[in-house]
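Hi everyone, thanks for coming. Today I'd like to walk you through one structure, so please have a look at it with me.

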Amino acid sequence: MKVSEKRIAILLVIMFVISACSGSSSKSVGTPAGSLEPDKKLTPLGAFYPVRVVLTGERCYVSDYRNMMVRVFEWLSGEEIERISVLGKPLGIAVKSSAKGVLIYAGVGKEVKLFDERGNYIKSLSYTFMKPNDIVVDSASGYVYVLDSGSGKVALFDSTDSFRGDFPVPNPNKQAGFFPVAMAYDEKTGRLFISEAAGNSIIVISTSGELIAYYPKKAPVDAQGNAVYSEGVLIRNDGIDVDKDGRIYVVDSYAGICAVYSREGSYIGRIGSFGGSTGELKIPLDVAVGYGGKRIYAVIASSGTERLGVYETDF
């Protein structure tokens, strides 16, 4: 798992200090608009631990690592409508509409498993993964891209889920411990956006693996070697998404925020702030962008508060 129980405890202590640095002077570009939480009237389960979030229309699919399932919400109303057991602890997930109905992809262990919308297991993709941390779908072609963080590669599958090849994620700065942790797909440009954790960078590539852009966002360090938080830098980046206008959203599980950048990588502002109350974030692991009328929303998986925060952006 990307965040161990021990690491969670350490992060909570450190983020208490960080929160003092990201207070009222921060440039906020999002307003809390609600939250998504498990329906406790259903069968009692363990603590909700959201890892990846996918929005399709009015539905929100969430990988719940601890409870070994994908939860489905109506994200605008906040209602939980379905729980799908995925036979293991899921990381990356994706949803695709096909002639056979809705297909759900879930990265579990060293496999990516396919389920129908009723939760029936169909098959696993023909590829041995090390850590399938994120999955995206090109809705136009039906192609599926799986980010294997363990190998640092992206594996490609066609509309019939047949394997078509893989390629390494470029490491422009020769970063030691290179770890591409999350991925988003921009339907408008056909580009993949990679959140790389070791170098705290955003890497933009084509769907064949060619480097298009590289945006380093690493925080400076003090004399003791500790990261110094300031607006626009990333300390422990994870999930990533892109909106229809090309803005890039990246969560920082260390600072408890979601940073927003322009398509050219310039810092715009942040969504959320560190804390345990509604509208605040602890250890956010992913972000997904959705649309309600003319409004742009960000749904953020806040694992430390066991909920998903829904934010209306200022864009």
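I'll begin with the whole chain and then move to some strands, a core and a few loops.

Before anything else, please keep in mind that this is a predicted model. The pLDDT averages 90 over the chain, and 90% of the residues score at least 70. Residues 1–25 are a stretch to treat with care, as their pLDDT is below 50. In the model, this stretch has 46 contacts beyond near neighbours in sequence. Where pLDDT is low, the predicted coordinates should not be read in detail.

Now, what is the chain built from? It contains 1 helix and 24 strands. Of its 315 residues, 56% are buried. If we take the contacts with a separation of 6 or more, 45% of them are between residues 24 or more positions apart. The accessible surface is about 13,100 Å², and carbon and sulfur atoms account for 51% of that.

Let's turn to a sheet. Which strands make it up, and in what order? This open sheet has 4 strands in the order β14-β15-β16-β17, and the pairing is antiparallel. At the edges we find β14, residues 180–186, and β17, residues 211–216; each has a single partner strand, so one side of each lacks a neighbour in the sheet. From one strand to the next, the twist averages 20°.

Start at the β14 edge. Is β14 buried or exposed? All of its residues, 7 of the 7, are buried, so the rest of the structure largely encloses this strand. Its partner β15, residues 191–196, is joined to β14 by 6 bridges in the antiparallel sense, and Asp186 stands opposite Arg191. These two strands form a hairpin with 4 residues between them, and in the turn Gly190 has a positive phi of about 70°.

At the other edge, β16, residues 201–205, runs antiparallel to β17, with 5 bridges joining them. Here Ile205 is opposite Leu211 of β17.

Some of these strands also feed the largest nonpolar core, which has 23 residues. Phe193, Ile202, Ile240, Ile248, Val250 and Tyr261 touch the most other members. At least two core residues come from each of β14, β16, β17, β18, β19 and β20. In soluble globular proteins, nonpolar side chains tend to be buried together. If you'd like one residue to click on, try Val250: leaving aside residues up to four places away in sequence, its contacts include Ile202, Leu234, Ile240, Ile257 and Tyr261.

Next, a hairpin elsewhere in the chain. Strand β10, residues 132–137, has 6 of its 6 residues buried, so it is largely enclosed by the rest of the structure. It runs antiparallel to β11, residues 144–148, with 5 bridges between the two. Ile135 has Val146 as its bridge partner in β11. The hairpin has 6 residues between the strands, and among them Gly142 takes a positive phi near 80°.

Finally, two residues with a positive phi that are not glycines. Leu87, with a phi of about 60°, is in the loop between β5 and β6. At 55% relative accessibility it counts as exposed, because the cut-off is over 50%. Ile283, with a phi of about 50°, lies in the loop between β21 and β22. Ile283 has 0% relative accessibility, so it counts as buried.

Thanks for listening!

Methods. Residues numbered from 1 in each chain as written. Heavy atoms only, no water. Buried < 20%, exposed > 50% of the residue type's maximum accessible area, 1.4 Å probe, protein only. Pairing = 2+ DSSP bridges. Axes fitted to C-alpha atoms, helices over the stretch in contact; angles between N-to-C directions. pLDDT = per-residue confidence, 0-100. Contact = heavy atoms within 4.5 Å. Core = buried A, V, L, I, M, F, W, Y, C linked by side-chain atoms within 4.5 Å. Areas by Shrake-Rupley, 256 points an atom, 1.4 Å probe, with all protein chains shown as cover.
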